[in-house]
Amino acid sequence: MSDFTLVLLAAGNSTRFKVPVKKQWLRIGHDPLWLYVTNRIKESIPEADVILCAHADEIPFITPLCDFTVVAGGETRQQSLKNALKEVKTPYVMVSDIARACVDPDLISRLLSHKEQADTIVPALDVHDTVVYDNSTVERTLVKRIQTPQLSRTEVLRKALETDSEYTDESSAVVASGGTRYFIEGDERAAKITLSSDIGALGCLQGPSNVVFTGNGFDVHPFEEGKPMVLGGVPIESPFGFKAHSDGDVAIHALIDALLGAACLGDIGMLFPDTDNAYKNIDSKYLLEKCVEKLHQFGFVILHADITIIAQTPKVSPYKEDMRKTLATLLHLSPARINVKATTTEHLGFIGRKEGLGVIATASVHYFDWKNG
């Protein structure tokens, strides 16, 4: 059993990144950044346990991609770390941020070789520019730039974080609680991704794969008398609507499943369970907007969608163009990339008996190309 547990913090909201994709979901080849960074560090400490701290909403999408222990993050970096430390059973813990993408094996070796020097071992860089604080020049030899990963004695770090004070790194908390800190030589290549402009300067990161993914979706709903009908986001003149938990827009439901299928992000029931009263009679256009937002956050760009509505009644053809324009707006695409078709079952089956209708949808996506903007 290893003496070390590796904790990677990936629960942030990327508010300063200023692109639709959360930085932890940028693709390096096929791997999201959180997986690439974790595997890169783990190569230097293959026996270590790994704990990944992620946003609670993202855990169902993370766990199929790895065999790490995944825990829910908190409102702050410090709370996320405290959550992760509850799962640590080793005497030492190495903590880093997913945004610290290009950690070199030599830096890991320096941390490990100095583990007995203090309660926390910290990579740091000297400051070569003049530093001014509150209009006074500071002696720059007294200033350091602190990096991660940091290696700490687990129990010391746990105790140090039992405070209401917030610290932006582990070593500051350890020192504030009376622990000791030892600096090792940091690495300029281990720069942190904060702004979208930072990522292009990191030499260890290859761009995303240019593969295109395709998904399909299928949905049916029975008719319900006296309920308004909405199909493809467009009101349809009809004496009945759809029996459903939401507004029953079969076309949008099938499209959502196609999009989620293309991105391998589950299905509509995973995102919007029909057991949740928050979605009772909800406008399905809102569900599609949230689905598109999710795909963008997870590093995907939507290419196109093709929808086939299978209905004996009502007559769909007069509404196809409005559907196409409405769906294009919701998908942030040109209408030229949306296709809506309609057909019947020649009076066969429940659709032919005019008891309901069905929709088949196909959609394609590719990874967001952060390399080329």
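**Sheet pairing, buried elements and internal spaces**

In the pairing of β13 with β19, Gly 217 has Ala 361 of β19 as its bridge partner. The model examined here is a predicted one. The two strands, β13 (residues 212-225) and β19 (residues 356-367), run antiparallel and are joined by eleven bridges. Both belong to an open sheet of five strands with mixed pairing, ordered β16-β13-β19-β17-β18. Pairing on one side only marks β16 (240-242) and β18 (338-343) as the edge strands. From one strand to the next, the twist averages 25°.

Two helices pack on this sheet. Helix α7 (residues 250-262) touches β13, β16, β17 (300-310) and β19, and its direction makes about 155° with that of β13. Helix α10 (residues 320-331) packs on the sheet through β17 and β18, with its direction at about 145° to that of β18.

The loop between β17 and α10 holds Val 316. This residue is buried, its relative accessible area being 5%, which falls under the 20% limit for burial. Beyond the neighbours within four places in sequence, the contacts of Val 316 are Leu 231, Ile 309, Ala 311, Met 323 and Ala 342. Of these, Ile 309 falls within the range of β17 (300-310), Met 323 within that of α10 (residues 320-331), and Ala 342 within that of the edge strand β18 (338-343). Val 316 is separated from Ser 2 by 314 residues in sequence and by 64 Å in space, taken from C-alpha to C-alpha.

Pairing of a further set of strands centres on β6. Strand β1 (residues 4-10) runs parallel to β6 and is joined to it by six bridges; within this pairing, Thr 5 has Val 93 of β6 as its bridge partner. Strand β11 (residues 150-153) runs antiparallel to β6, with four bridges between them. Here the bridge partner of Tyr 92 is Arg 153 in β11. Strand β6 (residues 92-97) is largely enclosed by the rest of the structure, because six of its six residues are buried. The cover extends to both faces of β6: Tyr 92, Met 94 and Ser 96 are buried on one side, and Val 93, Val 95 and Asp 97 on the other.

Helix α1 (residues 33-42) is likewise largely enclosed by the rest of the structure, since seven of its ten residues are buried. The buried set in α1 consists of Leu 33, Trp 34, Leu 35, Tyr 36, Val 37, Thr 38 and Ile 41.

Internal and open spaces were then examined. One cavity of 30 Å³ or more is found, and the largest cavity has a volume of about 40 Å³. The lining of the largest cavity is made up of Arg 77, Gln 78, Leu 81, Leu 161, Tyr 167, Asp 169 and Glu 170. Helix α3 (residues 77-85) provides the largest share of this lining, with three residues. By class, three of the lining residues of the largest cavity are nonpolar, one is polar and three are charged.

The largest pocket encloses about 700 Å³ of space. Its lining comprises 25 residues, with Ala 11, Gly 12, Asn 13, Ser 14 and Arg 77 lying nearest the centre. Two or more lining residues of the largest pocket come from each of β1 and α3. The lining of the largest pocket divides into seven nonpolar, twelve polar and six charged residues. Arg 77 thus appears in the linings of both the largest cavity and the largest pocket.

About 400 Å³ of space lies in the second largest pocket. This pocket is lined by 18 residues, and those nearest its centre are Asp 57, Lys 290, Glu 293, Lys 294 and Gln 297. The elements giving two or more residues to the lining of the second largest pocket are α2 (59-62), α8 (268-271) and α9 (284-297). Among them, α9 gives the largest share, five residues. The lining of the second largest pocket has nine nonpolar, three polar and six charged residues.

Methods. Residues are numbered from 1 along each chain as its sequence is written. This is a predicted model: local features need pLDDT of at least 70, side-chain atom pairs count only at pLDDT 80 or more; totals for chains, interfaces and linings use all residues. Side-chain values use heavy atoms; hydrogens and water are left out. Two strands pair if DSSP finds at least two bridges between them. Axes are lines fitted to C-alpha atoms, for helices over the stretch in contact, and angles run from 0 to 180 degrees between N-to-C directions. Contact means heavy atoms within 4.5 Å. Buried means under 20% relative accessible area, exposed over 50%, partly exposed in between (1.4 Å probe, protein chains only). On a 1 Å grid over the protein atoms alone, a cavity is a set of points where a 1.4 Å probe fits but cannot get out, and a pocket is an open set with protein on both sides within 12 Å along at least five of seven lines; lining residues have an atom within 4 Å of a point. Grid points are joined across faces, edges and corners, and a volume is the space filled by probe spheres set on the points. Ala, Val, Leu, Ile, Met, Phe, Trp, Tyr, Cys and Pro count as nonpolar, Asp, Glu, Lys and Arg as charged, and the others, Gly among them, as polar.
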